[in-house]
Amino acid sequence: MTGMKGILSNRIRTLRFLNGEMSQAELGQRVGVTRQTIAAIEAGKYSPSLEAAFRIAHVFDVPLAEVFQWET
Amino acid sequence: MPYREKTAWLYLIAMAATFGPYFMIVAANPPREALPNLRQLSLYAVTAGVQMLILGVGHLYLRRVSPQEAHTPPDERDLAITRHAISSAYYVMIAGMILVGGIMPFTARGWSLVNAAIAMIAIAQIVQHGIVVLSYRRQQG
């Protein structure tokens, strides 16, 4: 199996803005991770687990694909 | 700075402040190989005691300045960083134990062996906490 090169991007910053400028700390609290972990995910420095990704989408009430995109 | 990065810094500082001087003293004034060597044993005891003291006071201070973070359980990123750090330190420790337990006994004895074992444990600890710090630095948002 050959590795597929790509970048995992996200729209968390935009979605936080659209949800009343939700803070990273509040999102982290609702997802069950620290503020620093949300900051790392948002900056693309850490790829969350599938469960955390679904939880983030659930908080914003949008499908997972609206939060995370895989760009090749 | 995440709470767990602060505690990793604390371990690194405690290690540098105690085992740094310990190995400098040992290198400058090698102990007699005979066991037991009470002077060398007491030097090690003082080093370990001071390290525990620094860690105890440091943890109390960190808990006092950020009580909420101190009681927050580790999240998935914290656990992933911890796993990575421990597995890396494990390989360092295994390599060290092979060196100290399997190779060094042919050429060294007494306190040389004991200090080499202490050094390997210290290096493994530095690798573990160093990787924790580096991982948090790299993933900083």
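**Exercise 1. Work out how much of the contact pattern in chain A comes from residues far along the sequence.**

Step 1: Start with the term: two residues are in contact if their C-beta atoms, placed from the backbone, lie within 7 Å.
Step 2: Take the contacts in chain A with a separation of 6 or more; residues 24 or more positions apart account for 56% of them.

A note before we go on: this is a predicted model, where local features need pLDDT of at least 70 and side-chain atom pairs count only at pLDDT 80 or more, while totals for chains, interfaces and linings use all residues. Residues are numbered from 1 along each chain as its sequence is written, and chains are lettered from A and ligands numbered from 1 in the order in which they are written.

**Exercise 2. Describe the helices and strands of chain A.**

Step 1: Helices (H or I, at least four residues) and strands (E, at least two) are DSSP runs, numbered from the N terminus.
Step 2: Chain A has five helices and two strands.
Step 3: Along the sequence, their order is β-α-α-α-α-α-β.

**Exercise 3. Find out which parts of chain A meet chain B.**

Step 1: Nine residues of chain B are in contact with 13 residues of chain A.
Step 2: Helix α3 (residues 35-42) of chain A gives the largest share of the chain A side, five residues.

**Exercise 4. Decide whether B:Met1 is buried, exposed or partly exposed.**

Step 1: Count other C-beta atoms, placed from the backbone, within 10 Å: 20 or more is buried, 12 or fewer exposed, and in between partly exposed.
Step 2: B:Met1 has 13, so B:Met1 is partly exposed.
Step 3: To place B:Met1, look in the segment before α1 (3-28) of chain B.
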